[in-house]
Amino acid sequence: MKKQFITLILILSLTLITTGCNSNNNASTKTTNKNNDKIIEKKESNPKQMTDNEIIDELNNINNDITDLWNNVFCEVKWYAEEGTSSTGDTLDIDFVVTNMDKYYNKIKNDKNFIDKLNDDYSDIKSAYLKMFDKATVIYNNIKAETPKANTELSYNSEIELFNQYQSYLWKTITELES
C-alpha cells in the first residue's frame with residue numbers, strides 16, 4: 001500500500017512537471033516565432049528604411065547564417081574529405097550533412113535579398129558577401145553533384161578556403177560596425 005501511494009505521488013509530480021514544462025515551451029515558442037517574424041519582416045523590408053542599429057542587427061543575423069553553413073556543412077565536408085572524420089575527430093555521417101545542407105544554404109540565399117538592397121555605406125560588406133555567396137554556390141553545387149568521400153582531395157578545396165576568407169572578413173567588418 002505504501003509503495004502504491006509513493007508511486008501515485010511520483011506519477012502526479014511528473015505530470016505536473018511535464019505540464020509546466022509544456023506550457024513554458026509554448027510561451028517560449030510564441031516569443032521565438034514573434035522574433036522570427038520580425039527578422040523576416042526586416043529581411044523583406046528595404047534596408048534604406050531601417051535604422052543603422054536595425055541594419056547591424058540584421059547583418060549579425062546574416063553572419064550567424066553564414067557561420068552555420070560553415071560550421072555544419074563546409075567545415076565538416078572539408079575535414080571528412082581530408083581526415084575521414086568530423087572536424088572534432090568523431091565519426092561523421094556525411095550523407096546526413098549533405099541532406100541538411102539545403103536548409104543552411106537556403107538561409108544565405110534568402111539573406112542575399114537583403115544584402116542586394118544595402119546602400120553604398122555598406123559596399124565592403126556587400127562586395128564580400130557577394131564573393132562569399134558565389135563561392136558558397138560553387139561548393140554547394142559540387143557537394144550536390146557528388147557526395148564527398150573520406151580521405152580524398154576535393155576538387156573545390158580552394159573554393160572552401162576562399163569562402164572561409166570572405167566569411168572571416170565579413171565577420172570582422174560587421175563587428176567593426178558595432179563599435
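A salt bridge, as the term is used on this tour, is a side-chain nitrogen of Lys or Arg within 4 Å of a carboxyl oxygen of Asp or Glu. With that in hand, select K78, E82 and E161 together, since these residues are linked in a network of salt bridges. Keep in mind throughout that the model is predicted, and that by the rule above the count comes to 5 salt bridges.

Before going further into the pairs, display the whole chain as a cartoon. The secondary structure comes to 5 helices and 0 strands, and the elements, followed from the N terminus, run α-α-α-α-α. If you colour the 179 residues of the chain by accessibility, buried residues make up 32% of them. Switching to a surface view, you are looking at about 11,300 Å² of exposed area, of which carbon and sulfur atoms supply 50%.

Next, select D102 and K144, whose side chains meet in a salt bridge with an N to O distance of 3.2 Å. D102 lies in helix α3 (residues 94-116) and K144 in helix α4 (residues 123-145), so this pair ties together parts that are 42 residues apart in sequence. D102 counts as partly exposed because its relative accessibility is 24%, and K144, at 40%, is likewise classed as partly exposed.

Stay on helix α3 and move to K112 and D116, which both lie in that helix, 4 residues apart, or about one turn of the helix. The two form a salt bridge in which the closest N and O atoms are 3.1 Å apart. K112 has a relative accessibility of 22% and therefore counts as partly exposed, while D116, with a relative accessible area of 33%, is also partly exposed.

Now select K135 together with E159, a salt bridge whose closest N and O atoms are 2.9 Å apart. The pair links distant parts of the chain, with K135 in helix α4 and E159 in helix α5 (residues 157-178), 24 residues apart. Is E159 buried or exposed? E159 counts as buried, because its relative accessibility is 18% and the cut-off for that class is under 20%.

To finish, zoom out and consider the contacts of the chain as a whole: among those with a separation of 6 or more, residues 24 or more positions apart account for 74%. With that figure in mind, you may wish to return to D102 and K144, the pair joining helix α3 to helix α4.

Conventions
Residues are numbered from 1 along each chain as its sequence is written. This is a predicted model: local features need pLDDT of at least 70, side-chain atom pairs count only at pLDDT 80 or more; totals for chains, interfaces and linings use all residues. Side-chain values use heavy atoms; hydrogens and water are left out. Helices (H or I, at least four residues) and strands (E, at least two) are DSSP runs, numbered from the N terminus. Buried means under 20% relative accessible area, exposed over 50%, partly exposed in between (1.4 Å probe, protein chains only). Contact means heavy atoms within 4.5 Å. Accessible areas come from the Shrake-Rupley method with a 1.4 Å probe; for residues, only the protein chains shown count as cover.
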